[in-house]
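Grab your viewer and a coffee. Here are some short exercises to work through, each with its solution.

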Amino acid sequence: MARIELYSSVAGTSFWPRFHQELVAAGHEVYHHHAIAGEDYRRSRGLLGRAWVRWQLYAGFTCKVLWSILQSPKSRDDPIIRVVTTNPFF
């Protein structure tokens, strides 16, 4: 089956676990990449806290996604499906 990589800047605490389970039950290898947890996003306070969260969501996550793609297995018979679910910047 396929390797499925899900990319979202903020981890979805209610939607992702069920979606992940359904894909695994269908026989897929599933990985979820996210910049920060939902609690951390909602907890950020003050100018520096919000600036740090923004950096993680945009620049930091972009670097993380690119690194993940570069580190993906190169010689696989199964396809790799990448689904970016948020931030049109990616």
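The exercises below go from the whole chain to two single residues, and keep in mind that this is a predicted model.

**Exercise 1.** Work out which pattern of helices and strands the protein chain follows along the sequence.

*Solution.* Start by counting elements: the protein chain has three helices and three strands. Then put them in sequence order, and you get β-α-β-α-α-β.

**Exercise 2.** Describe the surface and the contacts of the protein chain as a whole.

*Solution.* First, the surface: about 6100 Å² is exposed, with 61% of that coming from carbon and sulfur atoms. Next, burial: 28% of the 90 residues count as buried. Last, take the contacts between residues at least 6 apart in sequence: 74% of these join residues at least 24 apart.

**Exercise 3.** Decide whether Val53 is buried or exposed, then find its contacts beyond the local sequence.

*Solution.* Locate Val53 in helix H3, which covers residues 46–71. Its relative accessibility is 7%, so Val53 counts as buried, the cut-off being under 20%. Now skip neighbours within four places in sequence: Val53 touches Ile36, Asp40, Tyr41 and Ser44. For Asp40, 13 residues away along the chain, the C-alpha separation from Val53 is 8.2 Å.

**Exercise 4.** Do the same job for His33: is this residue buried or exposed, and what is it in contact with?

*Solution.* His33 sits in strand E2, residues 29–36. With a relative accessible area of 17%, His33 is buried. Setting aside neighbours within four places in sequence, His33 is in contact with Glu5, Leu6, Tyr7, Ser8, Phe61 and Ser68.

Definitions and conventions:
Residues numbered from 1 in each chain as written. Predicted model: local features only at pLDDT ≥ 70, side-chain atom pairs only at ≥ 80, totals over all residues. Heavy atoms only, no water. Helix = DSSP H or I, 4+ residues; strand = E, 2+ residues; numbered from the N terminus. Buried < 20%, exposed > 50% of the residue type's maximum accessible area, 1.4 Å probe, protein only. Contact = heavy atoms within 4.5 Å. Areas by Shrake-Rupley, 256 points an atom, 1.4 Å probe, with all protein chains shown as cover.
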